[in-house]
Amino acid sequence: MAAQVVVVGAGPTGLTMAAELARYGVPVRVIDRAAARSATSKALVLWSRTLELLDRAGCTESFVAAGHKVVAANIIAGGRPLGRVCFGGVDSPYPFALMLPQSETERLLELHLEGLGVVVERQVELTGLRDNGDGVVVALGHAGGRSELLDAGWVIGCDGAHSAVRHSLGLAFDGETLGSDWILADVQLAGNRVPTDEIATWWHEDGVIAVFPITATRFRVIADLGVSQGAEPVAPTLAVVQAILDRRGPQGLTASDPVWLSGFRINERKVADYRRGRVFLAGDAAHVHSPAGGQGMNTGMQDAINLAWKLALVWHGAASDALLDSYSAERGAVGEQVLRAAGRLTALATMRNRFGQRLRNLLGRFLLGLRPVRRALVAQITEVAVNYRHGGPGDGAGVSGPRRGDRIAPKAGQRPFGTGARPRFALLGVDSDALRRLAARFPDLVDPAPMPPPDAAGVWLVRPDGYAACRARAGDLTGITDYLDRVAGLGGVR
């Protein structure tokens, strides 16, 4: 199959998408209308689950070396600590938030992509597309006015909130722009000690202010200003940032040397379906939401990883096109969850009613004092709680351990799932002739050598992105066989 994939947009989502496809041997072009990578920090954090997934491509080490580890997050209200959550307890090889400016994330991803033989084509923009059922005719505009028509197998729009791909499809981007103004400042902070390895958020009666360490000396400050004023948000001056710090933050904190000052408004929007025929959307092209929790870039990169292995299997002829339908179903549900969770957190932090604030603070202090609540919150923030659970056949009734759709936590010394030149499922089970016969029946889909299981009584079929496709009792592999039959083309994937 010679059809190539065209990835539109070379931000973190598009670069991850292109790199994963190239790693799996799929011919790919990645275009971006900008002349150069982003020069500003923008999205700032890589969470544990994203680092785990990047590990499959062997590039996590370079990100960790370039980033700054943050180990906890604090909420302060009424001048008193309200709660503290530590990331160190998360079941991951990366039990921390990795602070890394988006400009650096893009640089490292682009280097990784170039190592796979793909170079971003800059100052090239999508001007139109037509899906003719067995391919997509793509119109491109180049710098200097040159135009190009090409035949592609698939197009993936990773081109942000104003996506040209989404507009070409005429898809609704349903949601709203919240009616409040916010400021962002990347500055040096001195004076009253602010931890360099912890996030601090102050819930003040005037609004929220949050401080994120970027390095040992530089920090990001985000604060809301209340009801929107004017047609567009206005970038703050350093004096405005300092006044908000003085009013809402700890006394004696001085901001200086700003490298980025910006005003913004929060959009909460999402498309209903991430797929239209041979065209897909990922990242901000498909969903945008509050920056609370720092989930946006991570969600987009995980969109890319979810789609890439599925598209690679279809491109190589190992899976039917029906597998691609599961991308929108799975990632659309995750996008909806992230949008709701970020929206709730924003509403709590920006509450203006004094009685409501007191009630929020009391309830927050109580809940964050409970270990199970903190544990669940950390799993959600670090995104190790993301799953694709759904009922039906293949959930291995009576077997303990991870359920169908659950993340299989990486183990020390164990090769990450999906690291080969082709995406393949892994079998987790006690080595036996039955397991090896099953793998031999699907040589293009399953690794031949079984891996140790979480429970000797069960067998797990694990996807190339490290989630359980299904599980079964060790003596009955019918459910796993049926699942692989469906992936290979004997029916829709459930």
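Leaving aside neighbours within four places in sequence, which residues is Val7 in contact with? Select Val7 to find out. Its partners are Gly14, Met17, Ala18, Leu21, Val28, Arg29, Val30, Ile31, Ile156 and Cys158. Contact here means heavy atoms within 4.5 Å.

Before moving on, a note on the model. It is predicted, so local features need pLDDT of at least 70 and side-chain atom pairs count only at pLDDT 80 or more, while totals for chains, interfaces and linings use all residues. Residues are numbered from 1 along each chain as its sequence is written, and side-chain values use heavy atoms, with hydrogens and water left out.

**Stop 1: the cores**

Keep Val7 selected and add Met17, Leu21, Ile156, Phe425, Ile480 and Leu484. These residues have the most contacts inside the largest nonpolar core, which has 91 residues. Such a core is a set of buried Ala, Val, Leu, Ile, Met, Phe, Trp, Tyr and Cys residues joined through side-chain atoms within 4.5 Å. Buried means under 20% relative accessible area, exposed over 50%, and partly exposed in between (1.4 Å probe, protein chains only). Now select helix 7, residues 296-315: it gives the largest share of this core, 11 residues. Helices (H or I, at least four residues) and strands (E, at least two) are DSSP runs, numbered from the N terminus. Another core, of 29 residues, lies apart from the largest one; Trp47, Met99, Val378 and Ile381 are among its members.

**Stop 2: helix 1**

Select residues 12-23. Is helix 1 mostly covered or mostly open? It is mostly covered: 12 of its 12 residues are buried. Glu20 and Arg23 are among those buried. The cover includes strand 1 (5-8), strand 2 (28-32), helix 4 (102-115), strand 12 (154-157) and helix 7. Try a distance between the end C-alpha atoms: they are 16 Å apart, which agrees with the 16 Å that 12 residues should span at 1.5 Å a residue. The expected span is 1.5 Å times one less than the number of residues. After the helix comes Gly25, whose phi is positive, near 80°.

**Stop 3: helix 2 against helix 7**

Show residues 48-55, helix 2, together with helix 7. Their axes come within 10 Å and cross at roughly 30°. Axes are lines fitted to C-alpha atoms, for helices over the stretch in contact, and angles run from 0 to 180 degrees between N-to-C directions. Arg49, Thr50, Leu53 and Leu54 of helix 2 make the contact with Asn298, Met301, Gln302 and Ile305 of helix 7.

**Stop 4: two open sheets**

First, select strands 3, 7 and 4. They form an open sheet in the order 3-7-4, with antiparallel pairing. Strands pair if DSSP finds at least two bridges between them. Strand 3 (45-46) and strand 4 (68-70) each have a single partner strand, so one side of each is left without a neighbour in the sheet. Two bridges join strand 3 to strand 7 (residues 97-99). Find Leu46: it stands opposite Leu98 in strand 7.

Next, turn to the open sheet ordered 13-19-22, also of three strands and antiparallel. Its edges are strand 13 (174-177) and strand 22 (287-288). Four bridges link strand 13 with strand 19 (residues 267-270). Asp174 stands opposite Lys270 in strand 19. Helix 8 (residues 325-349) packs on this sheet and touches strand 19 and strand 22. Its direction makes about 160° with that of strand 19.

**Last stop: Gln337**

Stay on helix 8 and select Gln337. It is partly exposed, with a relative accessible area of 45%. Add Val386, 49 residues apart along the chain: the two C-alpha atoms are separated by 9.5 Å.
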